[in-house]
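Q: I have a structure open and some questions about it. Can we go through a few parts?

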Amino acid sequence: MDRFEIRGGNRLAGRLTIKGSKNAALPLMTGVLLTDQPFVLRDVPELADIANMRRLLAELGCSVEYTADNDVDSPGGVLTMRAVDETVSHARYEVVRTMRASISALGPMLARRGAARVSLPGGCAIGERPVDLHLRGLTALGADITLDSGDIVARIPRAGGRAGRLKGARVFMGGPFGSTVLGTANVMSAATLAEGTTIIECAACEPEIVDLANMLNAMGAKVEGAGSPRVTIHGVKELGPVDHRIIPDRIEAGTYMCAAAITCGDITLDNCPVDALMAHMDRLHHMGVTMQFDASSDPMRTTCRITAGRVLNPIEVTTQPHPGFPTDLQAQLMAVLCLADGNSVITERIFTERFLHVAELGRMGAQLYRQGSTVIVSGVRRLTGAPVMASDLRASACLVLAGLAAHGLTTVNRVYHLDRGYERMEDRLRALGADIQRTSEKEAQTGIASGMA
Ligand code: EPZ
């Protein structure tokens with residue numbers, strides 16, 4: 001398994017281009033199941049999760065061709081797909097277990113093919129990941145859903161001896177933690193081919209939902225209100241071809257903003273979606289980080305320069321559904337707050353177990369006190385490099401950020417977690433001045449054997 005070796009203390013400075021959004025790309029990709037027409041996505045990042053989704057869609061009867069951008073300053077490659085065999089409708093456990101977002105194939109596949117069998121995604125490091133709201137929504141549209149041997153088995157009841165069609169309905173998609181992003185994506189996508197009108201109440205408002213609605217409308221769907229808690233979808237008989245450019249990755253951008261903050265750096269981000277990062281930028285601003293961006297250009301694809309000094313103010317932050325502070329940046333901001341000048345309070349309201357990075361930061365000298373879904377971060381003058389273990393995608397990014405600022409060598413193990421959501425992170429950080437190498441355990445053992453380590 002690969003690891004990162006980071007020798008901290010370097011100030012990061014320079015420029016980088018933000019890639020297309022992983023969390024937009026994954027539900028967008030399943031849109032190919034809604035049509036038999038050509039389907040093109042641009043600014044597709046080269047990530048493990050995207051590769052998994054390509055494999056899943058190929059198994060579901062789609063031709064899939066990916067042209068990588070091979071240019072670190074490009075936002076991503078081009079994905080050309082088409083559903084060629086629509087008789088397949090089983091998303092196997094072996095694929096789904098590696099990536100929870102596979103669940104977003106359920107709605108599109110059911111709506112067009114009339115049946116879908118998708119393995120129930122398991123839990124993960126950040127907590128139990130239920131799909132009850134997904135099933136509530138699709139059932140409201142008339143699907144007959146059962147569970148069989150760990151699989152969700154969904155079908156549209158036949159009508160008058162003919163293949164049935166989903167029926168528009170009004171459905172409340174709110175759960176104990178607010179709305180569901182992929183649940184909204186599933187129901188919104190399925191409803192585009194339903195008979196009649198669907199109203200989703202308590203829909204997720206994330207930018208990725210807006211991007212999906214824009215793509216569906218470009219295919220001929222009639223989706224209104226995406227980005228607000230009430231989304232209305234007027235069903236149509238079929239959807240056409242599309243050539244869609246994915247929005248930039250707000251979580252990748254927010255992570256590199258934290259890299260500037262934690263290293264007293266000066267980083268300029270191109271293709272930066274500041275419009276989707278207002279909550280994160282508000283918190284960084286209150287910490288004393290300076291952000292300048294070109295307000296005249298597209299606020300979803302602008303240039304933003306982030307600079308930070310040695311003193312960072314402590315803050316309070318609570319994660320919430322969009323437009324609140326994103327749970328996917330909680331771990332990264334915690335790393336920065338470990339070096340703030342005072343006590344900060346971080347409360348996690350979306351995934352209450354999303355604190356596996358706390359113990360690892362403690363190994364680096366951070367002073368953190370967890371009480372349930374809240375962590376008190378008592379700022380320290382310095383972090384010390386140490387071997388640490390990545391547990392999930394964003395916790396990995398947190399530990400890399402801490403390593404960039406820590407004195408001495410930090411070894412972040414199991415960086416395969418990181419490769420799910422950050423393209424060539426070590427290369428891009430090195431280009432900004434970080435002292436960071438990717439090594440494999442074998443190399444490291446060889447180093448120990450030859451006395452090099
Ligand atoms: C998406 O996951 C993102 N993943 C997550 O990013 C992100 O953390 C999450 O939204 C919240 O913003 C992708 O887009 C691929 P949810 P999703 O359904 O849609 C509960 C990352 O790091 N819930 O919005 O699966 C759930 O337990 C990943 O890039 C139900 O109760 O998350 C959670 O507490 C991690 N029932 C809350 O809702 C359901 O049926 C939000 O989950 C579904 C969810």
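A: Yes, starting with a term: a crossing of two helices is called right-handed if the near helix is turned clockwise from the far one by less than a right angle, and left-handed if anticlockwise. Keep in mind that this is a predicted model.

Q: OK, so which way does α5 cross α6, right-handed or left-handed?
A: The crossing of α5 past α6 is right-handed.

Q: And what's the angle between α5 and α6?
A: About 15°, and the axes are 8 Å apart. Here α5 covers residues 132-140 and α6 covers residues 181-191. Because angles under 35 degrees count as roughly parallel, α5 is roughly parallel to α6.

Q: Which residues meet there, between α5 and α6?
A: From α5, His 134, Gly 137 and Leu 138. On the α6 side they meet Leu 182, Gly 183, Asn 186, Val 187 and Ala 190.

Q: How many of the residues in that contact of α5 with α6 are charged?
A: None are charged; four are nonpolar and four are polar.

Q: Switching to sheets. What's the strand order in the open sheet of four strands?
A: The order is β18-β19-β21-β20, and the pairing is mixed. At the edges are β18 (316-318) and β20 (367-371), each of which pairs on one side only. From one strand to the next, the twist averages 15°.

Q: In what sense do β18 and β19 pair?
A: Parallel, over three bridges, with β19 made of residues 343-347. Within β19, Ile 346 is the bridge partner of Val 317.

Q: Which residues does a cis peptide bond join?
A: His 322 and Pro 323, with omega at about 15°. Pro 323 sits in the loop between β18 and α10 (330-337).

Q: Now Ser 119. Buried or exposed?
A: Ser 119 has 2% relative accessibility, so it counts as buried. It belongs to strand β7, residues 115-119.

Q: What does Ser 119 touch?
A: Leaving out residues up to four places away in sequence, Ser 119 touches Ala 91, Arg 92, Tyr 93, Val 96, Gly 150 and Asp 151.

Q: Last one: what's the phi of Asp 43?
A: Near 60°, which is a positive value in a residue other than glycine. Asp 43 lies in strand β3 (residues 39-44) and counts as buried at 8% relative accessibility. Cys 264 is not a glycine either, and its phi is positive at about 55°. Cys 264 is in the loop between α8 (250-262) and β15 (266-272). At 14% relative accessibility, Cys 264 counts as buried.

Terms used:
Residues are numbered from 1 along each chain as its sequence is written. This is a predicted model: local features need pLDDT of at least 70, side-chain atom pairs count only at pLDDT 80 or more; totals for chains, interfaces and linings use all residues. Side-chain values use heavy atoms; hydrogens and water are left out. Two strands pair if DSSP finds at least two bridges between them. Helices (H or I, at least four residues) and strands (E, at least two) are DSSP runs, numbered from the N terminus. Axes are lines fitted to C-alpha atoms, for helices over the stretch in contact, and angles run from 0 to 180 degrees between N-to-C directions. Angles under 35 degrees count as roughly parallel, over 145 as roughly antiparallel, 65 to 115 as roughly perpendicular and the rest as oblique. Contact means heavy atoms within 4.5 Å. Ala, Val, Leu, Ile, Met, Phe, Trp, Tyr, Cys and Pro count as nonpolar, Asp, Glu, Lys and Arg as charged, and the others, Gly among them, as polar. Buried means under 20% relative accessible area, exposed over 50%, partly exposed in between (1.4 Å probe, protein chains only).
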